[in-house]
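These are my notebook entries on one protein chain. I looked up its elements, its buried residues and some of its side-chain contacts.

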Amino acid sequence: MSTSTFKAVILAGGSGERFWPLSTPERPKQFLRVFGGASLIRQAVSRLDGFVSPKDVFVVTAKNLVAATRRELPEIPKCNILGEPMRRDTGAAVALGVGLASESGLGSSRADLGSCSLTDPNQTLTDPNQTLTDPNQTLTDANSTLIDPIIGFFSSDQMVANPKAFRKVVSKAVALARRKPVIVTLGIKPTYPATCFGYISPKTRTFVEKPDAKTAKKYVKAGYLWNAGMFIARASTFRGAFAAHAPELEQLTRLETDGTNRTDGTRSRSTAIAGGSLAKLYSALPKISFDYAVMEKSKNVEVVPGDFGWDDVGSFAAFDKYFPHDSRGNVREGPCTVVEAEGNICVARSARISLLGVKNLVVVTTPDAVLVADKSRLTDMKKLFAR
């Protein structure tokens, strides 16, 4: 597969709630170095090694996380990492990612996000993804596919146990997206009737988002697959889906050159979209996920099943899966004393934790905060931040 026509976009927002206080709004889940040694966002990019080059990897994150993301991913061009001015869920993030990745085919630098221009103004354009040194230069017909690349969207905070198998499944999805104007999602065989994931039927290609417990059991029995939150399609297919189902978001898919020339001969670029500033446009956008905005309404959906050890690592319950237990089922990380206690998760990042005669608790200490929660309530972590 030619990597020049495939772009990967990493969605890296996050509010730091599900793993608070280990994660915070300033250092959300994707920066955690808890599962597998490297941070989750580092793992998300590394598992694409050999499949797509760093210059074709893009990150949509929060404005306040741009600097931290650049430090974590130094090989990614600075201008490939874009910060949203405010949270608007994955609907806006995917739309903006389409604009970011497809615009890159013309190679213009984004003046407010860091320059990706050629350092030598006399250098010739040997790579179609480099900046055009002549503002009037055009791409040849051979490179015309760059204006309609295949774009894959991947989460920054998931685990994949078998990256090689993952790349094989993504390759199948890319091939399918190249042949047909469809949005391809990767389907994971459920291991339990989860209510926190979307589902898709491989037979009818019906996409449904986060069912209740009763409905989830029906989906698992009927052979539905989990939607892993990974979507692959041509830029034009994504644009068409937004235009049909979420027109208020479609404008984000079109980044515009402001026409200003730099002194080194390259084009500058502001985050102007459809004639308005990004912040101004975002303030008027709805908060809606890509699943609700587009996928549930789309008919041109395909699913590629995958078995590559996918895990959403969505809460502290993941510690039970990835950390060893003592004889009474306790997970202990850091200085923890446990006496006549069972099934607890103890994470001491500052003060020692001592547990006596308690069951099924999550207790976490950091220099700034303490969490004590019942394991059965981990899905309600957001309630701590609603006050």
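Before the first entry I note a definition: a polar contact is a pair of N or O atoms within 3.5 Å, and within protein one atom must be able to donate a hydrogen and the other to accept it. I also note that the model is a predicted one.

**Entry 1: Ser298**

I began with Ser298, which I found in the loop between helix H9 (290-295) and strand S12 (301-306). I looked up the reach of its side chain: the side chain of Ser298 comes to 2.8 Å from the backbone oxygen of Val294. Is Ser298 buried or exposed? Its relative accessibility is 7%, so Ser298 counts as buried, the cut-off for buried being under 20%. Setting aside residues up to four places away in sequence, I found that Ser298 touches Ala241 and His245.

**Entry 2: helix H6**

Ala241 led me to helix H6 (residues 235-245), where Ala241 is one of the buried residues. The others that I listed as buried in H6 are Ala235, Thr237, Phe238, Arg239 and Phe242. Against which elements do the buried residues of H6 pack? I found helix H3 (89-103), S4, S6, S9, helix H7 (247-250) and H9.

**Entry 3: the whole chain**

I then looked up the totals. The chain holds 10 helices and 19 strands. Of its 387 residues, 51% are buried. I also looked up contacts between residues at least 6 apart in sequence, and 63% of these join residues at least 24 apart.

**Entry 4: helix H4**

I checked the length of helix H4 (residues 163-179) against its number of residues. The helix has 17 residues and, at 1.5 Å a residue, should span 24 Å; the expected span takes 1.5 Å times one less than the number of residues. The C-alpha atoms at its ends are 24 Å apart, which agrees.

Which residues of H4 are buried? I recorded Ala165, Phe166, Val169, Val170, Ala173, Val174, Leu176 and Ala177. These buried residues pack against several strands, among them strand S1 (6-12), strand S4 (150-155), strand S6 (183-188) and S12. For Phe166 I noted a further detail: the charged end of Arg47 sits over its ring, 5.9 Å from the ring centre.

**Entry 5: Asp56**

I located Asp56 in the loop between helix H1 (40-46) and strand S2 (57-62). Asp56 has a relative accessible area of 1% and is therefore buried. Its side chain makes a polar contact with the side chain of Lys7, at 2.9 Å.

**Entry 6: aromatic pairs**

How many aromatic pairs does a search of the whole structure find? The search finds 21. I examined the pair Phe197 and Trp310, whose ring centres are 5.2 Å apart and whose planes stand at 65°, so the pair is edge-to-face; the cut-off for that class is over 60 degrees. Phe197 lies in the loop between S6 and strand S7 (198-200), and Trp310 in strand S13 (residues 310-311), so the pair ties together parts that are 113 residues apart in sequence. I found Phe197 buried at a relative accessible area of 9%, and Trp310 buried at 10%.

I next examined Phe319 and Phe323. Their ring centres are 4.8 Å apart and their planes are at 10°, so this pair is stacked, as the planes are under 30 degrees apart. Phe319 counts as buried at 0% relative accessibility, and Phe323 counts as buried at 18%. I recorded both in a cluster linked by ring pairs, together with Phe19, Phe35, Phe316 and Tyr322.

**Entry 7: S18, S19 and Leu378**

I looked up strand S18 (residues 361-365) and found five bridges joining it to S19, with the two strands antiparallel. S18 and S19 form a hairpin that has four residues between them. Val363 has Val372 in S19 as its bridge partner. The covered face of S19 consists of Leu371 and Ala373, while Val370, Val372 and Asp374 make up the uncovered face.

Leu378 lies in the segment after strand S19 (370-374), and Leu378 is buried, with a relative accessible area of 6%. Apart from neighbours within four places in sequence, I found Leu378 in contact with Ser315, Phe316, Ala317, Val362 and Ala373. I closed with Leu378 and Gly314: they are 64 residues apart along the chain, and their C-alpha atoms are separated by 9.4 Å.

Note on methods. Residues numbered from 1 in each chain as written. Predicted model: local features only at pLDDT ≥ 70, side-chain atom pairs only at ≥ 80, totals over all residues. Heavy atoms only, no water. Buried < 20%, exposed > 50% of the residue type's maximum accessible area, 1.4 Å probe, protein only. Contact = heavy atoms within 4.5 Å. Phe/Tyr/Trp six-rings, centres within 6.5 Å; stacked < 30°, edge-to-face > 60°. Lys NZ or Arg CZ within 6 Å of the ring centre and 35° of its normal. Pairing = 2+ DSSP bridges.
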